[in-house]
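User: I am new to this structure. Please show it to me, and then let me ask why each label is used.

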Amino acid sequence: MSKVVLITGASSGIGEATALRLAAEGHRVVLGARREDRLAATAKAIEAAGGQADVRRLDVTDRADVVAFADAAAERHGRIDVIVNNAGVMPLSRLDALLVEEWDRMIDVNVRGLLYGIAAALPHFQRQGEGHFVTVASIGAHQVVPTGAVYCATKYAAWAITEGLRQELDPSIRVTTVSPGVVESELAESISDAGAREAMRTYRAESIPADTIAGAISYAIGQPAGVDVNELVIRPARQR
């Protein structure tokens, strides 16, 4: 069954891979991110392969922008079936580096952005009597590493928010948390701290393609209505 799927952070990495995979499977994808040129290129590739994609510039830290993103999709397609809250940033650093502005950015994108996505889609799901939230968290939701205190805290928050949402909602609305391990992406490029950047090069020596996570998301949203895949942890076999 074809679904209308909203994806935040869709201009690269897991978001882009998820858009490409789900569109290839026949879903109508609605892509949001700040880099409109990247979104346009992804949409062009999807349409060239026979799929359907809409794009919209999106800043997940702006609540009104996220509401408009969801409302526009619902107006165009008549409904929203899934929102993949994927947008995230990872400028790792030790706490004693005092990169407070980077801490604030992680909280704004990784936590507030998730909450705004939930707040934007939930009224549509409740009105429809069905829907599916997918949160892209991280292995950082389950373990803390040096330089990752704030990042891991935001991803634990993402896990906790999503699990709380699952418990609160009527079972007709499904909720899934996907926690990737090391994945090929641009996330590490945002690290400005030299020590953290060097440590991440070693840490990311073993990684898996972003499409692996896209496949997990496809699996979760493809289950029958009575099946709720609550959590998936996916990492390279060599990652410990």
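**Labels and the values behind them**

User: What makes strand 2 largely enclosed?

Analyst: In strand 2, 5 of the 6 residues are buried, so the rest of the structure largely encloses it. Buried means under 20% relative accessible area, exposed over 50%, and partly exposed in between (1.4 Å probe, protein chains only). Strands (E, at least two residues) and helices (H or I, at least four) are DSSP runs numbered from the N terminus.

User: What kind of model is this, and which limits apply?

Analyst: The model is predicted: local features need pLDDT of at least 70, side-chain atom pairs count only at pLDDT 80 or more, and totals for chains, interfaces and linings use all residues. Residues are numbered from 1 along each chain as its sequence is written, and side-chain values use heavy atoms, with hydrogens and water left out.

User: How do you know that strand 1 pairs with strand 4?

Analyst: A pair needs at least two bridges found by DSSP. Strand 1 (residues 4–8) and strand 4 (residues 82–85) have 3, in the parallel sense. They are therefore paired under that rule. Within this pair, L6 stands opposite I83 of strand 4.

User: How many bridges join strand 1 and strand 2?

Analyst: There are 5, and this pairing is parallel too. Here V4 faces R28 in strand 2.

User: In what order do the strands of the sheet come, and which stand at the edges?

Analyst: The open sheet has 7 parallel strands in the order 3-2-1-4-5-6-7. Strand 3 (52–57) and strand 7 (231–234) each have a single partner, so one side of each lacks a neighbour in the sheet. From one strand to the next, the twist averages 15°. Angles run from 0 to 180 degrees between N-to-C directions, with axes fitted to C-alpha atoms (for helices, over the stretch in contact).

User: How do you know that helix 2 packs on the sheet?

Analyst: Helix 2 (residues 36–48) touches strand 2 (28–33) and strand 3. Contact means heavy atoms within 4.5 Å. The direction of helix 2 makes about 175° with that of strand 3.

User: Why are the buried residues of helix 2 said to be on the same side?

Analyst: The buried residues are L39, T42, A43 and I46. They cover an arc of only 100° around the axis, which puts them on the same side of helix 2. The arc is that of the directions from the helix axis to the C-beta atoms. An α-helix has 3.6 residues a turn, so residues three or four places apart point the same way. On the face turned away are the exposed residues D37, K44 and A48. The cover over the buried residues includes helix 1 (13–24), strand 2 and strand 3.

User: What makes the largest nonpolar core a core, and which residues have the most contacts inside it?

Analyst: A nonpolar core is a set of buried Ala, Val, Leu, Ile, Met, Phe, Trp, Tyr and Cys residues joined through side-chain atoms within 4.5 Å. The largest has 33 residues, and L6, I80, F125, F133 and L169 have the most contacts inside it. Helix 4 gives the most to this core, with 9 residues. A second, separate core has 32 residues, including V178, A210, I213 and V229.

User: How do you know that helix 7 is largely enclosed?

Analyst: In helix 7, 9 of the 12 residues are buried, so the rest of the structure largely encloses it. Among the buried ones are G215, S218 and I221. The elements covering them include strand 1, helix 1, strand 4, strand 5, strand 6 and strand 7.

User: How does the length of helix 7 compare with the expected one?

Analyst: Helix 7 reaches 17 Å from its first C-alpha to its last, close to the 16 Å expected at 1.5 Å a residue. The expected span is 1.5 Å times one less than the number of residues.

User: Why is I221 called buried?

Analyst: I221 has a relative accessible area of 1%. That is under 20%, so the label fits. I221 lies in helix 7 (residues 210–221). Its contacts beyond four places in sequence include V5, L22 and V82.

User: Is V82 buried or exposed?

Analyst: V82 is buried, at 0%. This residue belongs to strand 4. V82 and I221 are 139 residues apart in sequence, yet 7.8 Å apart in space, C-alpha to C-alpha. For V82 and V4, the values are 78 residues and 6.4 Å.
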